[in-house]
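Me: I am new to reading protein models, and I would like to go through one slowly, with a reason for each step.

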Amino acid sequence: MAFGFFKKNETADLIFHNAHIFTQDPELPWADAVACRGEKIMGAGNLEGMEALIDKHTQVIDLEGKYLFPGFIDVHRSPVLKVFDGKFLDLSECTSMEEILDAVADWAEDNPDDEIVFGYGYRDDLMPDDDAAAEVVSADDEVLGSASAALLSQACEDRPVLLLCQNCIDCWTNLAADEIIMAAAEEEVVETITVSYILNLLIPFDFEEVENDVKQEIEALSDSGFTTTLNLGTPDYFENLYQDSLIGLYNEGEIRQRFFGSYYMNRPLMPQPLVHRLMNRRTNCLELNGLLNAETLYINLDNETSPVPFSQDALNTIVSEVSDKSFGIFIEAIGRSDLIMAYDALEHVREKGYRNTFVIASDYALTQEELFERSASATACKTWGTNLLSDRSIYGEISSAQGVIDQLTTEAAKIIGMQNSLGSIQSGKLADFVIFDENPLDCEVMLIPRLHASMTVLNGEIVYDSNAENDMEFYNLMMSQQF
């Protein structure tokens, strides 16, 4: 048991004991007790060796033989997309302009109470320019705005329609939306109308409803043992709304996980403006005690279907500029040729001397010969392709419970660049734990996601206690029945 990270006269704020503690520390795989001071772990071992750490202020908790693990880290799905799933028109499967218009018309009919029809995910080659739209708009229609807006109005004209492109840079609005946008811009003397301005003006979501759903999502994550999540593959707009809810919960003392956001990109962008956006995102998270983070660029690399494919030079330039500011890179390589391009970009970054986190996610793998040709390949965090709405995206890929726990702790910590702070129970690391009544290592692989945590600890504080949650639910139920 090592306590050298702290001064000898320091005592613990919190000690868990009488537990089966799986540390993920090769030098001490199992322990009986773990001591914490503030946000950090002081050490793990036996309670008998911790007497000097205990004073009248130390909270000593008997876990009565329960199983304590490093807090689980979810890096294979999107908690943000989970919250917004079903709240907007998903256009990602549309393959033509006609399909988009039909989908808008159907959604508008099925959701008559929506004040704004909001859709996301159409391919940027499917929105017609005004010349193409003018050929489709009926000659009998009196077009008072752009032809593309008039065309979208044919699908829904009685209320504003706002469609956000898959690239998160472009959007498509109808005439009703344009009327609101132009009036507001004129009143506010806005010379340049950006997508961000439009999204902040035509707010398609009820913020209170979103905040309630975020709260339910983080409670569900706690119940499954997660103390950290990485968000992938969602527009900046969705992630910002989710983060705003987290900030509100943080101020109320109800935040239960660390959140690692990522900036989504699916086509090459100018490197300098991209770095500027990333730096702004990082700055906005500085004052939240490490609970809110924006350190990752997520690149969806799918050159076969992308209307604006990446060249190797463009990808190399982007990842180099981003790496220069120490941001992590997460490349989702959809095809095998995309995978090769991702590894070549890694090679380029490492040749320049950058040692930032570089994750390559794909359902494909390079051959041994291809890996041998790329000396930097061993420095990549290689993982499976993500499934943004699946709770079980990794479980079908791993044959042992130990392998699953590794992916949820030590391997996941590497993916978010936090291997020196999270993923194992060792002196000096952050005190994030999950506690179960039964041992996850004894479970069948596919049953691990069905386990319910007894307790989770974040930064050395108990943030979830299933017994307390159940007592509160019972109390609320009884109170509701009295009325």
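The questions and replies below deal with confidence, the nonpolar cores and the salt bridges.

Me: What is the mean pLDDT of the chain?
Reply: This is a predicted model, and pLDDT is the predictor's confidence in each residue, from 0 to 100. In this chain 91% of the residues reach 70 or more, while pLDDT stays under 50 over residues 139–144. The mean pLDDT of the chain is 90.

Me: How many contacts beyond four places in sequence does the model have for residues 471–483?
Reply: Over residues 471–483 pLDDT stays under 50, as it does over residues 139–144, for which the model has three contacts beyond four places in sequence. For residues 471–483, the number of such contacts is zero.

Me: Which helix gives the most to the largest nonpolar core?
Reply: The largest nonpolar core has 55 residues, and those with the most contacts inside it are Phe84, Phe118, Phe205 and Phe238. Leaving aside residues up to four places away in sequence, Phe84 touches Phe205, Val210, Phe238 and Leu241. A second, separate core of 30 residues includes Met265, Leu297, Phe310 and Ile331. The helix that gives the most to the largest core, with six residues, covers residues 236–251 and is α8.

Me: How far apart in sequence are the parts that the pair Arg77 and Glu217 ties together?
Reply: Arg77 and Glu217 form a salt bridge in which the closest N and O atoms are 2.8 Å apart, and the two residues are linked with Asp74 in a network of salt bridges. Arg77 lies in the loop between β8 (72–74) and α1 (79–84), whereas Glu217 lies in helix α7 (residues 207–223), so the pair ties together parts whose separation in sequence is 140 residues.

Me: Is Glu217 buried or exposed?
Reply: A residue is called buried when its relative accessible area is under 20%. Arg77, with a relative accessible area of 6%, is buried. Because the relative accessibility of Glu217 is 7%, this residue counts as buried.

Me: Is Asp158 buried or exposed?
Reply: The side chains of Asp158 and Arg159 meet in a salt bridge, at 3.4 Å from N to O. Arg159 is buried, with a relative accessible area of 10%. The limit for an exposed residue is over 50%, and since Asp158 has a relative accessibility of 61%, it counts as exposed.

Definitions and conventions:
Residues are numbered from 1 along each chain as its sequence is written. This is a predicted model: local features need pLDDT of at least 70, side-chain atom pairs count only at pLDDT 80 or more; totals for chains, interfaces and linings use all residues. Side-chain values use heavy atoms; hydrogens and water are left out. A nonpolar core is a set of buried Ala, Val, Leu, Ile, Met, Phe, Trp, Tyr and Cys residues joined through side-chain atoms within 4.5 Å. Buried means under 20% relative accessible area, exposed over 50%, partly exposed in between (1.4 Å probe, protein chains only). Helices (H or I, at least four residues) and strands (E, at least two) are DSSP runs, numbered from the N terminus. Contact means heavy atoms within 4.5 Å. A salt bridge is a side-chain nitrogen of Lys or Arg within 4 Å of a carboxyl oxygen of Asp or Glu.
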